Amino acid sequence: MLTTHCKISSIINYWHDVDGHQRTLIGIPQGTCIYLDRLQIEPSPHKDTTTVQIPAYVRMPCHSAGQIEWIAFDVVAVTYHTGSSFTSGHWQTSIWQGLPYQRWLHYDDGSLPQVGLHLSDHILKNWALVWIAYNPQFN
């Protein structure tokens, strides 16, 4: 771990292939997800728990109508892994409930969701998937 925190936008800005070419989405999808591989191999395999900040929306490069545009997508859900290893632990999901509620619903097995206004530091240190949507409708 080189740093204790970063922003998802920093990761997206450096999204390139092995030849250094900028990657883009083809068209403007209604939704997609961003996967963060937290497996660190060196010096021995372990889970990286760097805090990665997630704003309310992220901009993704999209190739549409013959040009590349940075399109804003709303963050609508976050899936995270609680546990210190990849062979054990527990997966949970938090879903954004937009207007008129403007709140997160934090889901766990067998219980009603807990309501929150923010993503906790625990979630930001353990997320693996961010679900994003273009112009979502929360009705």
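This passage describes the fold, confidence and selected residues of a predicted model.

The model is a prediction, in which local features need pLDDT of at least 70 and side-chain atom pairs count only at pLDDT 80 or more, whereas totals for chains, interfaces and linings use all residues. Residues are numbered from 1 along each chain as its sequence is written, and side-chain values use heavy atoms, with hydrogens and water left out.

The secondary structure of the chain comprises two helices and 12 strands, where helices (H or I, at least four residues) and strands (E, at least two) are DSSP runs numbered from the N terminus. Along the sequence these elements follow the pattern β-α-β-β-β-β-β-β-β-β-β-β-α-β. The chain has 139 residues, of which 32% count as buried; buried means under 20% relative accessible area, exposed over 50%, and partly exposed in between, with a 1.4 Å probe and protein chains only. Among the contacts with a separation of 6 or more, 57% are between residues 24 or more positions apart, contact being defined as heavy atoms within 4.5 Å.

The average pLDDT of the chain, which is the predictor's confidence in each residue from 0 to 100, is 85, and 85% of the residues score at least 70. Among the elements, strand S10 (residues 103–107) has the highest mean pLDDT, at 97, and strand S1 (residues 5–7) the lowest, at 68. Where pLDDT is low, the predicted coordinates should not be read in detail.

Two residues of strand S9 (residues 90–97) illustrate its surroundings, namely Ile95 and Gln92. Ile95 is partly exposed, because its relative accessible area is 36%, and beyond its neighbours within four places in sequence it is in contact with Val76, Ala77, Arg103, Trp104, Leu105 and Tyr107. The C-alpha atoms of Ile95 and Tyr107 are 7.9 Å apart in space, although the two residues are 12 residues apart in sequence. Gln92, by contrast, counts as buried, because its relative accessibility is 14%. The side chains of Gln92 and Thr82 are joined by a polar contact of 3.1 Å, a polar contact being a pair of N or O atoms within 3.5 Å, of which, within protein, one must be able to donate a hydrogen and the other to accept it, and for which residues adjacent in sequence count only if both atoms are side-chain atoms.

In strand S8 (residues 67–82), Ile71 is buried, because its relative accessible area is 10%. Outside its neighbours within four places in sequence, the contacts of Ile71 include Ile28, Val58 and Cys62, and Cys62 is itself buried, with a relative accessible area of 1%. Ile71 and Met60 are 11 residues apart along the chain, with their C-alpha atoms separated by 5.4 Å.

Some backbone features fall in loops. Most residues other than glycine have a negative phi, and most peptide bonds are trans. The peptide bond from Leu99 to Pro100, however, is cis, with omega near 5°, and Pro100 lies in the loop between S9 and S10. The loop between S9 and S10 also holds Gln102, a residue other than glycine with a positive phi near 55°, which counts as partly exposed at 37% relative accessibility. Ala65, in the loop between strand S7 (57–64) and S8, likewise has a positive phi, near 55°, and counts as exposed at 77% relative accessibility.
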